[in-house]
Amino acid sequence: MEHPLPERRFSKHSPLSEADWRQFFEEGYCTIRHLLSADEVTLVEASLHHLIEIAEQRAGFMGRHFDGYFYYRGAQFVVANDAYGHLEKLCRVCGCGSADPTLLQMSRHPKLLQAFADILMSEQFEHLICQFHPKLPGDNVIFPPHRDVEHRLNADPNWSDMNHWGSYVVAVIAIDPAGPDNGGLRVVPGSHRNVGLTGLQPARSQPDPQWSEQAVCPELAPGDVLLMHPYLVHWSDANTGNHPRFSLLSGVSSPGANHNSYPGECTNRMLTAPGF
Ligand SMILES: O=C(O)CCC(=O)C(=O)O
């Protein structure tokens, strides 16, 4: 049976082809190749390395076995320290655009905003997520199976599906090559279907044994973007490879869907896609 599709209203400047757009609604995800240029990737990479240096310096003040978060310029660094009080792992930096203007700029890249407008069917949206995931080899950072809507609901029990098609989209911007060998994202095509806000259970508490077999791990090159539907089941395993898997995440919601503040002074801003 064909999955129903919304009416496409903002295709004019969108970097998504008709096939990409359909795939997003039919399978729950799609990719955009080379959204960032090589020069833009290099700039982002330098900024992300700087965030790691900040994490290493500041973690020293947090003490032995510290496992929690601290703020720097409004960005929330989620870290764990070892027995000597050194940084053991940097799990993520939420609201990282607060700490670095390049990251904010790239998380609001004009082409990305045009894709967001196309998916959310609105030229305006609220910027909620601007996040760095380092996923260094051996750091053992994992993201268990979940649907992003679970996080939206945890943050805001009054979260509303304003556009009736999920009202949220996240872009995972690859800064390093990403795939099954370095803890790449695994997505379960079609797992966003027949899911709604009412009675939603965490994917973790009701795992479907078929997810592991059905999951795919899209290979991404630096500058590529994976777009995910908020009801899509996804996860990532530890990076057991030899190369980092840096990604910059940017997530936006339909106006009126969210009623909570997200970490980072760069978040909760209403954005308008250019050119419409
Ligand atoms: O970056 C990853 O490996 C996982 C990201 C993810 O699952 C999320 O942010 O919802």
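Hi everyone, this is a short walk through one structure, from its core to its ligand. Please keep in mind that we are looking at a predicted model.

Let's begin in the middle. The largest nonpolar core has 73 residues. The members that touch the most others are Phe116, Val169, Ala171, Val172, Ile173, Val225 and Leu227. Hold on to those names, as some of them will come back.

Take Phe116. Leaving aside residues up to four places away in sequence, Phe116 touches Phe125, Val169, Val252 and Ala273. Phe116 is also one of the buried residues of helix H4, which spans residues 110-120. How many of the 11 residues in H4 are buried? The count is 9, so this helix is mostly covered. The buried stretch includes Leu112, Leu113 and Gln114, and carries on through to Ile119 and Leu120. Right after H4 comes Met121, with a positive phi of about 60°.

Next, strand S7. Here 7 of the 7 residues are buried, so S7 is largely enclosed by the rest of the structure. If you follow the side chains, Tyr168, Val170, Val172 and Ala174 point one way, while Val169, Ala171 and Ile173 point the other way. Residues on either side of the strand are buried.

And which strands does S7 pair with? One is S11, in the antiparallel sense, over 7 bridges; there you can find Val170 opposite Gly251. Another is S9, also antiparallel, joined to S7 by 4 bridges. In that pairing, Ile173 stands opposite Val225, and both of these were on our list of core residues that touch the most other members.

Now have a look at helix H5, residues 148-155, where Asp148, Val149 and Arg152 are buried. Why do they sit on the same side of H5? Because they cover an arc of only 100° around the axis. What do the buried residues of H5 pack against? They pack against S7, residues 168-174, and S9, residues 225-228.

Asp148 takes us to our last stop, since Asp148 is one of the residues surrounding the ligand. The others there are His133, Lys135, Phe143, Leu185, His234, Ser236, Ser247 and Leu249. By type, this shell divides into 3 nonpolar, 4 polar and 2 charged residues. Two strands each supply at least two residues of the shell: S10, residues 234-236, and S11, residues 247-253. You have met S11 already, as an antiparallel partner of S7.

That's the tour, and thanks for listening!

Key:
Residues numbered from 1 in each chain as written. Predicted model: local features only at pLDDT ≥ 70, side-chain atom pairs only at ≥ 80, totals over all residues. Core = buried A, V, L, I, M, F, W, Y, C linked by C-beta atoms within 7 Å. Buried ≥ 20, exposed ≤ 12 C-beta atoms within 10 Å, placed from the backbone. Contact = placed C-beta atoms within 7 Å. Arc of directions from axis to C-beta. Near = placed C-beta within 6 Å. Nonpolar A, V, L, I, M, F, W, Y, C, P; charged D, E, K, R; others polar. Pairing = 2+ DSSP bridges.
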